[in-house]
Amino acid sequence: MRQIAVRMSCALLVSAWALGGVGHAVASPSPQGPHRGTLNVPGAYPPELVEVYYNSPGRDDGSNKSLNGEWFKFYDPYSHGYDGITLSVTDAAGNTWVGKLTINPGKHVKVHTGKGSKTATDLYWGRSSYAWNNTTDTATLTKDGKVWQTCSYDDPTQSFALC
Ligand SMILES: [Ca+2]
C-alpha cells in the first residue's frame, strides 16, 4: 500500500466542550477549536485521536501480527499527560474499545487491534478479527458518555487516515 496519508474529515464536536460536569474548564478556546483552548483543569479534555491505520501492511491473513498492523493513535496535545483516563473508541459497526489510557506529556499511544503486552506507547485491543474496514469507516471517541471526536475515511487506495 502507498504510504501517503490523506487528511480525512474529522470533527471535534463543538457541543462537547459544554462539559456539563466539569464546569468552567475552558478559559478561552482558540479559533482552531475548543480542544486548543487554555486548560484550567488538566485532563478536562481527552487526548486527541490523530490517526487510524486501517489497512495493515501486506495481505490481510488474519494473523495476530497483521491484526496489530491495524491501530489507532492518541496524542496528548496539551503536554500535561494522562493517568488512567477512561475512554472508548467505536467503529461504524459498533465494535468498541474501552480502556484506561495513560499518556506521558506530549506523547502518543497506539491501540493495536490484536493481542499483545502493553507498554507505555502501545496498547492492545485483544481482538481476533480486524476492526477497521479497509474501504470506509468512522472512529468515534467518547469520554463520560459524550462524543468528543469523530474520524472518518473512505479511500481504499490508502492505508491510514490522519484525523
Ligand atoms: Ca483493516
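Here is a short chat about reading the folded protein shown above, which is a predicted model.

Visitor: Where do I start? How many helices and strands does the protein have?

Guide: Start with the secondary structure. The protein comes to 1 helix and 11 strands. Going from the N terminus, the order is β-β-β-α-β-β-β-β-β-β-β-β, so you meet three strands, then the helix, then the other strands.

Visitor: What share of the contacts links residues far apart in sequence, 24 or more positions?

Guide: Take the contacts with a separation of 6 or more: 58% of them are between residues 24 or more positions apart. For one example in space, try F160 and Y54, which are 106 residues apart in sequence and yet 5.5 Å apart, C-alpha to C-alpha.

Visitor: Okay, strand pairing next. Which way do strand 3 and strand 4 run relative to each other, parallel or antiparallel?

Guide: For pairing, you look at the bridges and the direction. Strand 3 and strand 4 run antiparallel, joined by 5 bridges. Within that pair, L49 stands opposite F74 of strand 4. Strand 4 also pairs with strand 7, again antiparallel and with 5 bridges; there, K73 has K110 in strand 7 as its bridge partner.

Visitor: And is strand 4 mostly covered or mostly open?

Guide: Mostly covered, with 4 of its 5 residues buried. For the protein as a whole, 29% of the 163 residues count as buried.

Visitor: How do I judge burial for a single residue? Is F160 buried or exposed?

Guide: You count neighbouring C-beta atoms within 10 Å, and 20 or more makes a residue buried. F160, in strand 11, has 22 of them, so F160 is buried.

Visitor: What about K143, buried or partly exposed?

Guide: K143 sits in strand 9. This lysine has 18 C-beta neighbours inside 10 Å, so K143 counts as partly exposed. Leaving out residues up to four places away in sequence, K143 touches P46, L87 and W148. The C-alpha atoms of K143 and V89 are 9.0 Å apart, with the two positions 54 residues apart in sequence numbering.

Visitor: Last one: which residues have the most contacts inside the largest nonpolar core?

Guide: That core has 25 residues, and the ones with the most contacts inside it are L49, V52, F72, A139 and A161. Several strands give two or more residues to the core, including strand 3 (48-53), strand 4 (71-75) and strand 9 (137-143). To see the packing from one spot, pick V52: beyond four places in sequence, its contacts include F72, W132, A139, C151 and F160.

Methods: Residues numbered from 1 in each chain as written. Predicted model: local features only at pLDDT ≥ 70, side-chain atom pairs only at ≥ 80, totals over all residues. Core = buried A, V, L, I, M, F, W, Y, C linked by C-beta atoms within 7 Å. Buried ≥ 20, exposed ≤ 12 C-beta atoms within 10 Å, placed from the backbone. Contact = placed C-beta atoms within 7 Å. Pairing = 2+ DSSP bridges.
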